[in-house]
Amino acid sequence: MAEVLKVGREWEIVWTITDRRLATAYGNPGVAVFGTPGMVEMMEQAAVECVLPCLEEGQGTVGIKVDVEHTASTPVGMKVWCAARVTAIDGRKISFEMEARNEVEVIGRGKQQRVVVGLGRFVEKATQKKLEIRNLKFE
């Protein structure tokens, strides 16, 4: 049985920053620090993991809105902790606040919204778009 999702639920993950998460890996040459796309990825992962135990089988969440501020740099090899906290639940929509910090300071904060979806139907609808495009090419 799934856990009950409530406002205030928190989850934290920790990463050690590697070359693949540096800004240089995202196409920003010379900026060898934790890249903003990596921090957003980390925040998304923390939010996903936060609610995962509360979902029924066959359900997942998809992101619909992200607002993030990246305020401090983190070099390769440092650890970063990212916490996600549920701030609101409105039907299938779940709102989160996130904070990322390294071993020295807070490096970013943000908010995001995710929606609970039935994975089978969600993937089916996405696949249908691909089929529709294929059919248009042959008209």
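**View 1. Helix α2 gives the largest pocket the largest share of its lining, five residues.** The model shown is predicted. Two elements, β5 (106–118) and α2 (119–137), each supply at least two residues of this lining. The lining residues are R92, V117, G118, R121, F122, K125, A126 and K129. Sorted by class, they are three nonpolar, one polar and four charged. The pocket holds about 170 Å³ of space. Rolling a probe the size of a water molecule over the atoms shows where empty space is left.

**View 2. The whole protein chain has two helices and five strands.** Read from the N terminus, the elements run β-α-β-β-β-β-α. The C-alpha trace spans about 55 × 45 × 20 Å along its principal axes. The chain has 139 residues, and 32% of them count as buried. Take the contacts between residues at least 6 apart in sequence: 65% of these join residues at least 24 apart.

**View 3. Five strands make an open sheet.** Their order across the sheet is β1-β3-β4-β5-β2, and the pairing is antiparallel. Which strands lie at the edges? They are β1 (10–16) and β2 (59–70), and each pairs on one side only. From one strand to the next, the twist averages 25°. Helix α1, residues 36–51, packs on this sheet. It touches β1, β2, β3, β4 and β5. The direction of α1 makes about 140° with that of β1. In a regular strand the side chains alternate between the two faces of the sheet.

**View 4. Edge strand β1 runs antiparallel to β3.** Seven bridges join β1 to β3. One residue to find here is T16. Its bridge partner in β3 is K79.

**View 5. Strands β3 and β4 form a hairpin.** Strand β3 covers residues 79–90, and β4 covers residues 93–102. The two strands run antiparallel, joined by 10 bridges. Two residues lie between the strands. In the turn, G91 has a positive phi of about 65°. Beside the turn, which residue of β4 is the bridge partner of D90? The partner is K93. Elsewhere in the hairpin, A83 stands opposite E99 in β4.

**View 6. Residue N102 lies in strand β4.** Is N102 buried or exposed? Its relative accessibility is 5%, so N102 counts as buried; the cut-off for buried is under 20%. What does N102 touch, leaving out residues up to four places away in sequence? The contacts are S73, T74, M78, K79, V80, W81 and I107. One of them, K79, is also the bridge partner of T16. A2 is 100 residues from N102 along the chain. The C-alpha atoms of N102 and A2 are separated by 32 Å.

**View 7. Back at the largest pocket, the lining can be traced residue by residue.** R92 is one of the lining residues. V117 and G118 also line the pocket, and β5 spans 106–118. Further along the chain, R121, F122, K125, A126 and K129 are in the lining too. Helix α2 spans 119–137, and five residues of the lining come from this helix.

Terms used:
Residues are numbered from 1 along each chain as its sequence is written. This is a predicted model: local features need pLDDT of at least 70, side-chain atom pairs count only at pLDDT 80 or more; totals for chains, interfaces and linings use all residues. Side-chain values use heavy atoms; hydrogens and water are left out. On a 1 Å grid over the protein atoms alone, a cavity is a set of points where a 1.4 Å probe fits but cannot get out, and a pocket is an open set with protein on both sides within 12 Å along at least five of seven lines; lining residues have an atom within 4 Å of a point. Grid points are joined across faces, edges and corners, and a volume is the space filled by probe spheres set on the points. Helices (H or I, at least four residues) and strands (E, at least two) are DSSP runs, numbered from the N terminus. Ala, Val, Leu, Ile, Met, Phe, Trp, Tyr, Cys and Pro count as nonpolar, Asp, Glu, Lys and Arg as charged, and the others, Gly among them, as polar. Two strands pair if DSSP finds at least two bridges between them. Axes are lines fitted to C-alpha atoms, for helices over the stretch in contact, and angles run from 0 to 180 degrees between N-to-C directions. Contact means heavy atoms within 4.5 Å. Buried means under 20% relative accessible area, exposed over 50%, partly exposed in between (1.4 Å probe, protein chains only).
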